[in-house]
Amino acid sequence: MLQRKDCILFFVLLLLCAGCGGSRKKETSGQMSVYDGNLCFTEDGVVYQNPNPGSVTGYFDYKTGTYIPLCAKSNCLHDSIECQAVYLKGYADYIGRIGDKWYYHVAEWQEEEGGFHSCDLDGGNDKILGSFPCSNGTGVILFYDQMCVLATWDVEFDEDAGEVAGNTSGIYGYHLDTGEWEALCPEKETENGPAYELCGKYGENLFYSEWEGKISVLKQMNLETGEVKKPFGDTFLSSVQAADNFLLCRLAEPGGNRLIEWNLETGEQKEFPENGVHMFWSEDLKVATNFSQDFSDRRFWAYQYQEDGTCELIRQGELDEVFRPVAKSGSLLLGQMWGKNGGFTILACMEQEDYLAGKTNWTIVTEEK
Ligand SMILES: [Zn+2]
């Protein structure tokens, strides 16, 4: 239904603002983390649930440039389920950071019911927090202010008929401090696929797409008042991605797809030409990476969007030389590369300046086993 978003960044500034804003708000650590795919983006680094065989869940720290398994045991070989980094890779559906704790969800926790855990930043001191029986759906998963906000998707299977009876999904806020949860968007049933995809949060506004029977539309909910708007009316939203203070929306219109950058801080909307499938979007680096359709010719092209909206080809080459940016900290870019097992399974980092100059002097963060 919706294109899976390839990358997402975090809204750090708005959280800092939320912390010093209205008096009714809870104390905030000033941090928010965003889980997307098998990566969790925090202010200080990135957690990677490395899908490669024999690999574990690890953490890349921007400041030190180091990548370490999330395991507190000294002299651990990280090769048995007793190791927290192995356990997290095998059992955590999603993970996020608030303050000095990781929070994660395990699908089959107790009596086949899912639940949340927390642990220290080094993986130690694991604690059970409470149950949350829904499965995670599509889009990003947000962790902030002792809350985990996510879209859920549960498929009901009719054992007698031997077929799928329906799909249920909602958007929920799970209170990590009390173990309670609340529906932010009402649970909906669909015949095929999930009804919601969570995009991100900016200030008090939550952005998500909602299936309305025939099309998906963008919705904006004010979390303080519960008011819901449709920023693009009933236009079909084919994909949406949040990054920094932008929402990058692909609107499917009769004349073709339109790529709209919506600056949530200024309200300004700009249209850009479509030039790739993987987008990385930040204030000073806007890149689209495209790949050849023909699998015998496995090439890529990376374009940088200029201020005037035009595109400039900055990199091209064979698929195993692609570095597609997923996060940025200062001048350092973290990117994904094509692994020998297939898929973008290798993490690497390089300086933005070198990336823009077409250099290949990246440093591999996660080696494949
Ligand atoms: Zn270990």
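## The loop between β11 and β12

D145 sits in the loop that runs between β11 (141–144) and β12. The model is a predicted one. D145 is not a glycine, yet its phi is positive, at about 45 degrees. It counts as buried because 22 C-beta neighbours lie inside 10 Å, and the cut-off for that class is 20 or more.

Q146 is placed in the loop between β11 and β12 as well. Its phi is also positive, near 60 degrees, and Q146 is a residue other than glycine. Q146 has 18 other C-beta atoms within 10 Å and is therefore partly exposed.

## Strands β12 to β15

Strand β14 (residues 163–175) pairs with β12 (residues 147–151) in the antiparallel sense, over five bridges. Within this pairing, A151 stands opposite I171 of β14. Strand β13 (residues 154–158) also pairs with β14, again in the antiparallel sense and over five bridges. Here E156 stands opposite G166 in β14.

The connection from β13 to β14 is a hairpin with four residues between the two strands. G162 lies in that turn and has a positive phi of about 70 degrees.

β14 has a further antiparallel pairing, with strand β15 (residues 181–190), over seven bridges. I171, which stands opposite A151 in the pairing with β12, stands opposite C185 in β15. β14 and β15 form a hairpin with five residues between them. The turn of this hairpin contains G179, whose phi is positive at about 80 degrees.

## The sheet β20 to β23

An open sheet is formed by four strands in the order β20-β21-β22-β23, with antiparallel pairing. Its edge strands are β20 (236–243) and β23 (269–272), each of which pairs on one side only. On average, neighbouring strands of this sheet are turned by 25 degrees against each other, direction ignored.

In general, strands of a sheet pair through backbone hydrogen bonds, either parallel or antiparallel. The edge strand β20 pairs with β21 (residues 246–253) in the antiparallel sense over seven bridges. One residue pair can be named for this contact: S239 has R250 in β21 as its bridge partner.

## Two further loop positions

Is Y62 buried, exposed or partly exposed? Y62 is partly exposed, because 18 other C-beta atoms lie within 10 Å, and a buried residue needs 20 or more. Its place is in the loop between β4 (57–61) and β5 (67–69). Leaving aside neighbours within four places in sequence, Y62 is in contact with D44, G45, S329 and L332. Y62 and K328 are 266 residues apart in sequence, while their C-alpha atoms are 9.1 Å apart in space.

G213 is found in the loop between β17 (205–211) and β18 (216–222). G213 has 6 other C-beta atoms within 10 Å and is therefore exposed, the limit for that class being 12 or fewer. From C-alpha to C-alpha, G213 and A195 are 9.0 Å apart in space, with a sequence separation of 18 residues.

Technical notes. Residues numbered from 1 in each chain as written. Predicted model: local features only at pLDDT ≥ 70, side-chain atom pairs only at ≥ 80, totals over all residues. Pairing = 2+ DSSP bridges. Axes fitted to C-alpha atoms, helices over the stretch in contact; angles between N-to-C directions. Contact = placed C-beta atoms within 7 Å.
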